[in-house]
Amino acid sequence: MSDRPSSTTRERRVSPNFITEVIDEDLRQRRYPKIVTRFPPEPNGYLHIGHASSICLNFGLALDYGGECNLRFDDTNPETESIEYVENIKRDVQWLGFQWARELYASDYFEKLHEFAVQLIKDGKAYVDSLSDEEISAYRGTVTEPGRPSPYRDRSVEENLDLFTRMRNGEFPNGAHVLRAKIDLANRNMKLRDPVLYRIVHASHYHTGDAWCIYPLYDFAHPLSDALEGISHSICTLEFENNRAIYDWLLENLRGKCGLPHSPRPYQYEFARRNLDYTMMSKRKLIRLVEGGFVKGWDDPRMHTISGLRRRGVTPEAIREFAKRIGVAKAENRVDLATLEAAIRDDLNYRAPRVLAVLKPLKVGLTNYPEGKVEHLEAPSWPYDVPRQGSRTVPFSRDLYIERDDFIEQPPKGFHRLTPGGRVRLRHGYVIRCDEVVKNSAGEIVELRCTYDADTLGKNPADGPPKGTIHWVSLPHAVPAEVRLYDRLFSVPDPEAGAGGFTDCLNPKSLIIVEGHVEPSVLQNPRDTRYQFERLGYFWQDPADSRPDRLIFNRIVTLRDSWTKATEKPTAVARTPAQAGPSAESTPTVAPPRTVETKPVGAQPGAQADLTLKQQATYTRLRALSIGEADAMVLAREPRLEAYFEEAARGGNAAAIARWVVNELGPAIRTGPAKVAPARLAALVGLLQDGAINSRIAKDVLTEALETGAHPVEIVERKGLRQVSDAGAIEPIVERLIAENPDKVRAYRSGKTAVAAFFVGQVMRDTQGRANPQVVQNLVTRKLAGS
RNA sequence: UGGGGGAUCGUCUAAGGGUAGGACGACGGGCUCUGGACCCGUUAGUGGGGGUUCGAAUCCUCCUCCCCCAGCCA
C-alpha cells in the first residue's frame, strides 16, 4: 500500500502515549512476564468507531510488545445481551484485522466469581442487604452528605452465607436481597459506599441459560475476570476512574485467595473516549436510531458502527490509520470528521482504480462525429502519481453524457468547465466545443450540441490547451446504476448534546439516491472493487443490495473539492473577529488595549484574607524574616511545612530555605517525613549561597537525596559537583558546539534568538550541570553574535 | 458545597527544566488530461495571576472553566 515499504518495517501500531509509558516502566521493572490486555465489550449492541480506538489500543499494544490480547464478553446482565451481538462483535474485531489470543466470557467465570463472593463473606467483607433499591439509594447519601449503614450490615457470617446460598438457589424474587461489599458508607468516593456485588435476576442468560438467578455486577466481575486471565494492563475509559477504587479494593482483598495469584495483579488505566463530530456513540441512542427506523439497520452506511463503515466501503486499514492519527490521551475531545475522511482518502487513493461515471447526466451530441462510429479509447486506471499499472478501454461515440454541473450558461469567474462557445477536454478523449444549448419548453437545458476536435487525442489542440477536463460516458454504452450518496447523519457537531432530542438534528440529506451511468468496464471487475469515479469520489457496490443486472453503488467519501468550497464561501457568514481587521469601520468606542490592573500581591483573591488569626500571625512573623509573600503564605497555611522550615532555618538563611521548602520539598513533606532532614537541607542551601554549587546542581542532588535518603552534601562531595565559573574552561565547549551546529547558528543570526537556549542547554548537559549558567549564557550570546 | 479527572495552534496530539513540534483543516503558490494526488510555503497555541530558576508548557501556589460519580447498567 505504501510507496515506501522499506521505512514501514517495525513501525509501531500504537503511537507512544501515557499507557505505553507505564508499560515501558513495568517491563523495565520486570513486573509482568508479558503484556496481556483484553477488549471487553458487553454484547448488548454493535461496535462503533469509538470502540475501534479501544480495539486498536488493546490489540495494538499486545502486538507491539509481543504480548496477548483476549476478547472477553462482559456479559453479566442477562436482560440486555444476546448471541447476535456476540457474533457481530467477533466479526467486526476480525474484520478490523485483529485476532484474539483467547475468546472468553465473564459468564464462564460465574462459578469462580461466586466462590470469591463467599470468600468475602467469610472474611466479613461482604454482607447480604435486604433493603429495597430505593432504600439503598437513600441510605447511600449524596455527594455532599455521608451515607448511613443499612440495618442489615452487621449480619453474622453464618446468616450471610445462608442468605447468599438461598439467593443462589432461587428462593427469593428479584430485588429481595443483594450482596454488598462492606467498605465505607461515609467514603467521599460514592463508589466505595458499600457497592452492590450481586443481584437477583430471574432471567435466562444467552450463554449460561438458566443455571443462575444471581448475577454479579460489572464492578465485581471485571477486576476479578482480569485477575483470573492474568491481564497485566486493564484499559478502560475515563468514566470508570472512580470505579478503580473498587477494582483495587477487591484485588487487594482477594489476591492470594481462592487460587488467585498474589502477584502480579492487573491495574486499571483510563483514557478518554474519542468523540467524532456529527456522530453519536452512545449505544442506547444508536439502538433508538435503529429501532426507530431512522436508519436502515446497524449496518446502514450512514452509521459510524464498524458494520456501517464496512458496508459503506471504508477499509480496516483506513480505520486503523484513523485511530493511530487521533492517538490516545486523557483530555476530553471532539475529533473533526475531516480527520476520518483524510484517513479514508489516503487509503483509497492507492487502492481504487479510476473509472468514469456520470451521476447527474446531461446529454451531449457531437454533431461532427460520424453516426454509428465507436472508438475504444485506451485509458490508464491510475494517475501518473500512483505507482500502479493497469488500464482499460472506454467506448466513445457520438452521444455522450456529461455531468450537469460541468456546464453553466453564465459561468462565474474561474469556472474551468464547459460554457457556451467554450472548450473542454473530455477525460482520456477529445477536446470539444459547445456550439448550441438545447432547451425544452420549460426553459430547462436538455442537451448540448458540440463539435469535437479529431486531432486532440493525447495532444493539445493548435490553439492551446483547454482550461478544464471533465468526465463523461458514452450514452449507448453506459451502464445504468443506482448511486447512493451518503452524507453525515446529523446536522450538528454534537447530536448528543441536546436534551435527548437527537431526532431534531437529523440531516435530511444524509442519503440522496440518484440514477447514474457508469463506464462498462466495471462489469469486468470483481464485485468488491473500490473505485474512484473521477472528479466525484470513491465508490463501491453495496455488498448487500447490488446485483449484476442492477448495480448499486455506495459513495464511500467524496474527493476533496476546493472549487465548490471556494464558490460556496460567500454564504458562510461566520467571520472571526480576527478577520475583521483594521479595515473594519473603526468604532469610536475602541476598547483600549486591555489594561491589566496590577494589584498588590497580598491582595490576590483567596490569599491573605482567607488566613485564620493564627495563620496571620505566622505570616507576619515570616514576612519579618524577609521571606517572600508567596512562600510565607504557603508556610503560614501548612503547619508541616512550617515546622520543617523552622528547624532548617535555625542557622539562618531563612528566605532561601523558605524557597526550597516551599518549591522543592512541599510534596515530600506533605506525604510524610521527607528523607532529607532539615539540617541537611540547610547545609545544601549553605553550599549554594557560598557559590560552591549552582541551583541546577542543588536541585539534582536534592532529588537524588529525596529518593535515596543520602546526605545531599555527601552526594556533592562524592560526585565532585563543584560549580565551574571559569570562562576559560567553558569556552572550548561553546566553540565546539557552535562548530558542530552551523544550521542553528544560522537560525540564530537570522533572528531566531531562542536558539541560544539550545546551546546553553547543551553546555549544561555536557558539564553535567556543573557549568555556571550565567557564564555560559554570556559566552554563548557573545559567540553567537559572531565575535 | 464532597470526591475523582482534565485544560497546548480552529481540531487531535507531542515536548516530562534547555529552539513549543507533527497530523488534519484553512490560506497562498508550483505541478497536473481528476478543481484529486503530490510538492513548496504561510497562518495559528501553552486557560489566568503570582512565585522558584540563568532559563518554565514542564516545578510551587492561588484562581477560572470543562468532564465524571448518588443504577440492583457497563
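**Exercises on a protein–RNA model**

A phosphate oxygen of RNA strand B is 3.4 Å from a polar backbone atom of V328. The model is predicted, so local features need pLDDT of at least 70 and side-chain atom pairs count only at pLDDT 80 or more, while totals for chains, interfaces and linings use all residues. Residues are numbered from 1 along each chain as its sequence is written, chains are lettered from A and ligands numbered from 1 in the order in which they are written, and side-chain values use heavy atoms, with hydrogens and water left out.

**Exercise 1.** Describe the surface near RNA strand B and its polar contacts.

*Solution.*
1. A residue is near the strand if one of its heavy atoms lies within 4 Å of it. Around RNA strand B there are 91 residues, of which E21, R427, Q532, K565 and K744 come nearest.
2. Of the atoms of RNA strand B that come within 4 Å of the protein, 57% belong to sugar and phosphate.
3. Sort the residues by class: Ala, Val, Leu, Ile, Met, Phe, Trp, Tyr, Cys and Pro are nonpolar, Asp, Glu, Lys and Arg are charged, and the others, Gly among them, are polar. The surface near RNA strand B then divides into 32 nonpolar, 26 polar and 33 charged residues.
4. Helix α25 (residues 755–766) gives the largest share of this surface, six residues. Helices are DSSP runs of H or I with at least four residues, strands are runs of E with at least two, and both are numbered from the N terminus.
5. For polar contacts, look for pairs of N or O atoms within 3.5 Å; within protein, one must be able to donate a hydrogen and the other to accept it, and residues adjacent in sequence count only if both atoms are side-chain atoms. A polar backbone atom of D133 is 3.1 Å from a base nitrogen of RNA strand B. D385 places a polar side-chain atom 3.1 Å from a base nitrogen of the strand.

**Exercise 2.** Classify the ring pair F110 and Y215, and say where its members lie.

*Solution.*
1. Rings of Phe, Tyr and Trp (its six-membered ring) pair if their centres lie within 6.5 Å; planes under 30 degrees apart are stacked, over 60 edge-to-face, and the rest tilted. The count by this rule is 23 aromatic pairs.
2. F110 and Y215 are 5.7 Å apart centre to centre with 80° between the planes, an edge-to-face pair.
3. F110 lies in helix α4 (residues 110–122) and Y215 in strand β7 (residues 214–216), 105 residues apart.
4. Buried means under 20% relative accessible area, exposed over 50%, and partly exposed in between (1.4 Å probe, protein chains only). F110, at 2%, is buried, and Y215, at 0%, is buried.

**Exercise 3.** Which parts does the salt bridge of E270 and R244 link?

*Solution.*
1. A salt bridge is a side-chain nitrogen of Lys or Arg within 4 Å of a carboxyl oxygen of Asp or Glu. The total by this rule is 67 salt bridges.
2. The side chains of E270 and R244 meet at 2.7 Å, N to O.
3. The pair links strand β9 (residues 267–271), which holds E270, to helix α8 (residues 244–254), which holds R244, 26 residues apart.
4. E270 is buried at 2% relative accessible area, whereas R244 is partly exposed at 33%.
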